[in-house]
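Please open the structure in your viewer and follow the stops below in order. Each stop says what to select and then what is found there.

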Amino acid sequence: MHPVLEKVTADVVERSRESRAAYLARIDAAIANDPQRTNLPCANLAHGFAVCSAAEKDALSHAVKPNVGIISAYNDMLSAHEPYQHYPELIKQAVREAGGVAQFAGGVPAMCDGVTQGMPGMELSLFSRDVIALSTAIGLSHNMFDAALYLGVCDKIVPGLLIGALSFGHLPAVFVPAGPMTTGISNKEKSRTRQKFAEGKVGEKELLESESKAYHSPGTCTFYGTANSNQMMVEIMGLHLPGSSFVNPYTPLRDELTKAAAKQVLKFTALGDDFRPIAHVVNEKAIINAIIGLLATGGSTNHTIHLIAIARAAGIIINWDDFDNLSKAIPLLTKIYPNGPADVNQFQAAGGMGLLIQELLEHGLLHGDILTIGDQRGMAQYSQVPTLNDGKLSWEAGPAVSLDPDVISSVAQPFAACGGLHVMHGNLGRGVSKISAVAEKHQVVTAPAMVFDDQLDVVAAFKRGELEKDVIVVLRFQGPKANGMPELHKLTPVLGVLQDRGFHVALVTDGRMSGASGKVPSAIHMWPECIDGGPLAKVRDGDIIALNTQTGEVNVQVDQAEFDARVPTANSATGHHFGMGRELFGAMRANASTSETGATNLFFVD
């Protein structure tokens with residue numbers, strides 16, 4: 001095992017000793033050897049199985065058979081979640097064949113950041129994670145279930161499901177993916193059209209045609225944003241069946257994997273002899289594995305928020321320093337858009353998760369000795385790939401070497417010696433930066449600041465030609481307390497155009513960027529956020545800012561005494577700010593905060 005991995009893991013275990021013990025004590029108190037529903041009075045149980053068949057009622061009231069709750073994020077507007085429409089019947093039939101009962105326990109909201117990007121609905125995006133967690137807990141609150149299956153893919157949805165599942169950590173859990181859509185036009189072509197639109201070289205008709213060819217069918221978007229980072233993360237934690245994350249929907253293999261996931265969770269209930277509650281699966285090592293996967297693949301910066309909250313829900317305390325320390329030891333092993341031209345289907349074809357996990361395990365860069373939901377207990381089985389032979393599902397050895405070295409590399413010849421995320425620090429506070437998609441020549445920028453309080457004002461300034469120069473855009477009052485911390489992906493085409501024109505540009509903000517953010521260097525999630533008087537609120541137009549994503553430094557080059565004496569300015573948004581998040585989630589915003597480790601704290605993180 002790599003010494004850095006050993007050290008970080010030991011630090012997390014020690015730091016979490018009391019909180020983890022308290023969490024496990026609460027979970028152990030909820031574990032029962034009899035079905036949970038046996039504690040329900042007759043009227044309560046009658047409510048719980050009123051719509052079941054006579055055979056199911058008999059099984060749930062007399063026979064000692066497990067009952068599986070299904071929590072789903074299905075809706076048919078989101079391409080990633082549309083395939084879940086048919087999963088409940090597949091699952092119920094598979095569970096029935098395996099000797100159990102399955103009930104649809106509840107649905108959770110699933111919003112699409114791709115639809116709400118740059119719109120008022122985006123202010124609800126980050127907060128939706130906690131709503132999903134609460135909705136998950138409500139679905140499981142009836143004490144009817146002995147295990148649960150979780151159906152979700154995108155952005156805040158999987159983190160919310162995980163947080164909710166961990167609050168019912170006495171139940172075994174299997175997460176069931178839906179898979180990515182097939183490949184449309186190349187991500188490079190899509191980005192090129194976006195930048196042409198930003199420059200006024202093509203119109204909305206051409207832009208919509210391009211976007212529709214990229215997002216064209218059921219399944220997850222094929223770029224490596226937060227949604228596909230979720231799938232990687234859940235598999236490398238051992239909560240998916242091996243190799244199941246990136247199998248396309250509406251294929252025979254996808255359906256067989258769904259049925260197998262349904263049968264798998266039945267093996268791990270307290271009614272059997274191989275009890276595996278999710279509280280025991282998601283331990284310190286599993287959380288560290290998730291961070292390692294994120295770094296090795298150049299995954300979404302959103303998980304520097306979500307993983308901290310997920311860990312805290314399991315009584316585990318991690319912080320940005322853990323990400324930063326691991327990043328020094330974990331090499332970048334994949335190039336998937338926006339980190340390269342390939343999409344997740346090409347990643348899957350190159351060897352996928354099996355090859356990635358095998359490479360990390362072989363070099364002591366991943367915890368192999370964790371409890372998983374596979375037939376075996378450790379991570380070694382996750383180097384295998386699922387296949388269908390005469391319609392029967394089985395697993396076989398995956399490729400020993402990359403089938404496309406331009407997409408998946410090796411520890412011996414990585415794309416970069418360090419992971420794809422760096423922690424930023426300096427007199428402007430602390431933040432994070434995703435550098436895996438930033439060309440080396442753009443990773444260090446020193447330029448005058450232009451200060452904005454609304455992303456639409458940045459776009460307007462670009463259209464007026466005011467950004468045609470070396471510039472570091474400072475976008476303030478975008479943190480969780482200010483407006484819900486919306487993603488700022490609308491800025492990517494604008495800043496990308498300026499970079500392509502030869503200007504040295506960067507972004508510094510207390511807000512978030514999309515998991516799809518790419519080639520423009522940035523320092524995001526800056527803490528303390530501006531609404532709390534963070535130093536970013538003291539920056540003025542023309543101040544020189546030095547951003548070095550290689551060393552993790554971000555500083556304003558103003559005499560420190562003068563800078564300290566400045567009074568933070570108030571939010572001067574010009575009316576573009578919609579306030580939807582403030583109006584609907586005022587109470588949640590009042591409880592939102594950021595810690596000095598940089599973790600956003602909402603209800604489930606306090």
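**First stop: two helices side by side**

Select helix H14 and helix H15 (residues 303-313); their axes cross at roughly 170° and come within 11 Å of each other. H14 is therefore roughly antiparallel to H15, since an angle over 145 degrees counts as such. The model on display is a predicted one.

Now show the side chains between the two helices. From H14, the residues in this contact are Ile 287, Ala 290, Ile 291 and Leu 294, and they meet His 303, Leu 307, Ile 310 and Ala 311 of H15. Seven of the residues in the contact of H14 with H15 are nonpolar, one is polar and none is charged.

**Second stop: the partner from the start of the chain**

Keep H14 (residues 284-297) selected and add helix H1 (residues 3-15): the two pack at an angle of about 130°, and their axes lie 10 Å apart. Two packed helices are described by the angle between their axes and the distance between the axes. H1 and H14 are therefore oblique to each other, and their crossing is right-handed.

Which residues of H1 meet H14? They are Leu 5, Val 8, Thr 9, Val 12 and Val 13, and on the H14 side they meet Glu 284, Lys 285, Ile 288 and Ile 292. In the contact of H1 with H14, six residues are nonpolar, one is polar and two are charged.

**Third stop: a sheet**

Next, select the four strands of an open sheet, whose order is S2-S1-S3-S4 and whose pairing is parallel. At the edges are strand S2 (101-107) and strand S4 (173-176), each of which pairs on one side only. On average, neighbouring strands of this sheet are turned by 25° against each other, direction ignored.

Strands of a sheet pair through backbone hydrogen bonds, either parallel or antiparallel. To examine one pairing, select strand S3 (residues 147-151) together with S4: the two pair in the parallel sense over four bridges. Label Tyr 150 and find its bridge partner in S4, Phe 175.

Then add helix H8 (residues 157-167), which lies across strand S1 (67-72), S3 and S4. The helix H8 runs at about 170° to S4.

**Last stop: the whole protein**

Finally, select everything. The protein has 24 helices and 16 strands. Its C-alpha trace spans about 75 × 50 × 50 Å along the principal axes. For 606 residues, a compact globule would have a radius of gyration near 25 Å, and the 24 Å of the protein agrees with this.

Note on methods
Residues numbered from 1 in each chain as written. Predicted model: local features only at pLDDT ≥ 70, side-chain atom pairs only at ≥ 80, totals over all residues. Heavy atoms only, no water. Axes fitted to C-alpha atoms, helices over the stretch in contact; angles between N-to-C directions. Parallel < 35°, antiparallel > 145°, perpendicular 65-115°, else oblique. Left-handed = near helix turned anticlockwise from the far one by under 90°. Contact = heavy atoms within 4.5 Å. Nonpolar A, V, L, I, M, F, W, Y, C, P; charged D, E, K, R; others polar. Pairing = 2+ DSSP bridges. Rg over C-alpha atoms; globule rule 2.2 N^0.38 Å.
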